[in-house]
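Subject: Structure handover

Hello,

Here is the structure I promised to pass on. Please open it alongside this note. My findings follow below.

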Amino acid sequence: MTGGLRQRLMTEAWGGTWHRMWRTKKVASGMMETPLSRCLSTLDITLLGIGHMVGAGIYVLTGTVAKDAAGPGIVLSFLLAGFASFLSALCYAEFGARVPKAGSAYVYTYVSVGEFWAFVIGWNIILEHMIGAASVARAWSGYVDSFFDKALSNFTMSTIGTMHAGYLAPYPDFLAFFVTLVYCSFLTLGVKGSAYFNSIFTLINLCVMGFVIVVGLYFADFTNWTGGDGFLPYGMSGVVAGAATCFYAFVGFDSIATAGEEAKDPARSIPRATLVSMSVVTVGYVLVGATLTLMVPYNTLNPAAAIPDAFAVHGAAWAKYVVSVGALCGMTTTLFGSLFSLPRCVYAMAVDGLVFSWLARVSDKTKVPIITLLLCGFFSALIALLFDIEKLVEFMSIGTLMAYTIVSASVIILRYQPASRCNITSPSHSQVTTPTSVGPPSPTTPTDDAMKGDGGELRSSFRWLLTLVGKREPGVVAAYAVVIFTVFSAALCSLVQFGGDFLALPYPAVWAVFLCIFLVLALIFSVMVIVAHHQNQLVLSFRVPLVPLLPLTSIFFNVGLMMHLNPMTWLRFVIWMALGLLLYFTYGQHHSREGEPVTSCSTLLSEPAPAGNTVFGSMQQTLSQVTSKIASASTEGKKPVLDQEDNDNL
């Protein structure tokens, strides 16, 4: 049977049996798959992303950074942090168009660089969202406590006592514990009801932000920028330091990607929601930062309640209550976003066998993984109850930055793969412009540009590189170049961070100068190697512009910020990863479904399913049944004989 006939029959058989396989097959644990209701609009997931990002940062972080790090230069800090986050958001947007699946960066990594690195990312995302939810719950509790002049915390310490051990909080925060569990209960009601809840609170928060900006500018005094220490009292170094802190205020846009299986039109909604939410949040943060530093001198700000105190200075103490409503709504939606994303990441790992399979059970009634949601919510609440979150926030950042780095790298890797290898586009809205084949391409090195549509091939004008890299399968050299760029970026940032004194001397150390030059040249060479290859011509609803430059810039920014993290953060990261790898090698590796012909991720590499038939979970139907039908058809000289139900779905 010819390859073309085999592919046609495969497609017809696959299309007819898709829905039946999803609806009737059980996973290895015996759990019945449950279809998801695609009910979230673009507005719903846009507000989900905005709500996750605009929370405690706007009401707490702004005053802290302005007073201690950047002064009025906080405007530039937010712009710089927003730019770095925007680069990562672009990469997430492209993957959202390619892979409309729950799991966000975990799934993106799975389908591009493999299971092991996907587990590493997923394991860190779990901790990121747990700590993120716990820290916001603690901030929510602290804001309420301030209303009652610390009566809640004083009562707890006088009744139960204080804790003095290591990273534990001064006192157990029972309000934070219970508010986390209450929000989890809202999420168990179903995704649409949760989306309404989030949208209402997010819109209230945006209205309060607008109130702060409009009314605050009425009290603006530009001498707060021009007089005294000027606009940059801490210099550009303060702006960069402030940006490193402000970067974490943008963490949360990846929650949009976790709604990939619940959006009505994910291929279009996810990119649009990502870009709109990032733009709205960046503009909002910049305007609030500018307003705050124009209202009062930066060195008089109260980091704990910067915005209410700024209004009180101008005799508008009543504004405190308006701002407080916005703060509580903002922290509510941020907590909601973390608790929304966390169980979906755990679920995606569970259906692939990397964590316990019972975590993938989905409620028939609400269409959400309730057991996983409640378990994750309980652990988040426990962290909020016991730990001093301020000492763990930086720990959360390392997982986020690593996820952003690998997603950015994955965009480049997939762009420079042959189109036949990365047909993981979403249904209806993404089509391959070049013919694809059933099997992987053989190692070739075309001599002209005629093959540029397939991707991964060396351009004819760069054939001299063959003497350096040799003949490789299409896409392999570009992938190695991305890895090399990432490694040398880390080396250069480490040199600047830890050996900057040697470069800043009037007569810099020779070894430091030569090492710096070598690393810069290595980065330039790796970029040139990537550019020397053709990109594939897959048509997506959204594609990152200026590839590979923008994703490489994102990698460099993220790696640079990782190098600025505290050494203790790296130590805690090693401990957390040790626990994760223990789980992977003792359970995940033995129960992994990566080797099965059809898994939750390998189905993305095949003919896409109709949007309405997407479900939570992986398929356990193998290709053997489809192949047998094809073989039978080839023997009898006719199309495969399918069940009546299959024909109805064609």
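Among contacts in the protein between residues at least 6 apart in sequence, what percentage join residues at least 24 apart? The answer is 83%. Please keep in mind that this is a predicted model.

**Overall picture**

The protein has 650 residues, and 57% of them count as buried. Its secondary structure consists of 23 helices and four strands. About 26,000 Å² is exposed, with 68% of that supplied by carbon and sulfur atoms.

**The nonpolar cores**

The largest nonpolar core holds 165 residues. Which of them touch the most other members? They are Tyr92, Tyr106 and Phe311. Helix α6, residues 115-147, gives this core its largest share, 17 residues. There is also a second, separate core of five residues. Leu458, Phe462, Leu465 and Ala532 are among them.

Tyr106 deserves a look of its own. Set aside its neighbours within four places in sequence. Its contacts then include Ala118, Phe119, Ile121, Gly122 and Ile125. They also include Cys345, Ala348, Met349, Asp352 and Leu354.

**Salt bridges**

How many salt bridges does a search of the whole structure find? It finds two.

One joins the side chains of Arg415 and Glu94, at 2.8 Å from N to O. This pair links distant parts of the chain, 321 residues apart. Arg415 sits in helix α16 (residues 393-415), and Glu94 sits in helix α4 (residues 74-98). Are these two residues buried or exposed? Arg415 is buried, because its relative accessible area is 2%, under the 20% cut-off. Glu94 is buried too, because its relative accessibility is 0%.

The other joins the side chains of Arg138 and Asp173, at 3.7 Å from N to O. This pair also links distant parts of the chain, 35 residues apart. Arg138 belongs to helix α6. Asp173 lies in the loop between α7 (151-159) and α8 (174-187). Arg138 counts as buried, because its relative accessible area is 14%. Asp173 is buried as well, with a value of 3%.

**Asn224**

Next, a polar residue. Asn224 is found in helix α10, residues 223-226. Its relative accessibility is 14%, so Asn224 counts as buried. Which backbone oxygen lies 2.8 Å from a polar atom of its side chain? It is the backbone oxygen of Leu294. Leaving aside neighbours within four places in sequence, Asn224 is in contact with Pro72. On the same basis, its contacts also include Thr293, Leu294, Met295, Val296 and Pro297.

**A surface patch**

Finally, the outside. A nonpolar surface patch covers about 680 Å². Which residues make it? They are Phe147, Phe148, Leu152, Leu175, Trp318, Tyr321 and Val322. Tyr321 has its place in helix α14, residues 319-351. Is Tyr321 buried or exposed? Tyr321 counts as exposed, because its relative accessibility is 56%, over the 50% cut-off.

**Where to start**

I would begin with the Arg415 and Glu94 pair, whose side chains meet in a salt bridge. Then turn to Tyr321 in the nonpolar surface patch.

Best wishes

Definitions and conventions. Residues are numbered from 1 along each chain as its sequence is written. This is a predicted model: local features need pLDDT of at least 70, side-chain atom pairs count only at pLDDT 80 or more; totals for chains, interfaces and linings use all residues. Side-chain values use heavy atoms; hydrogens and water are left out. Helices (H or I, at least four residues) and strands (E, at least two) are DSSP runs, numbered from the N terminus. Buried means under 20% relative accessible area, exposed over 50%, partly exposed in between (1.4 Å probe, protein chains only). A polar contact is a pair of N or O atoms within 3.5 Å; within protein, one must be able to donate a hydrogen and the other to accept it, and residues adjacent in sequence count only if both atoms are side-chain atoms. Contact means heavy atoms within 4.5 Å. A nonpolar core is a set of buried Ala, Val, Leu, Ile, Met, Phe, Trp, Tyr and Cys residues joined through side-chain atoms within 4.5 Å. Patches are made of residues with over 30% relative accessible area and no salt bridge: like charges are joined within 9 Å, nonpolar side chains (Val, Leu, Ile, Met, Phe, Trp, Tyr) within 5 Å. Accessible areas come from the Shrake-Rupley method with a 1.4 Å probe; for residues, only the protein chains shown count as cover. A salt bridge is a side-chain nitrogen of Lys or Arg within 4 Å of a carboxyl oxygen of Asp or Glu.
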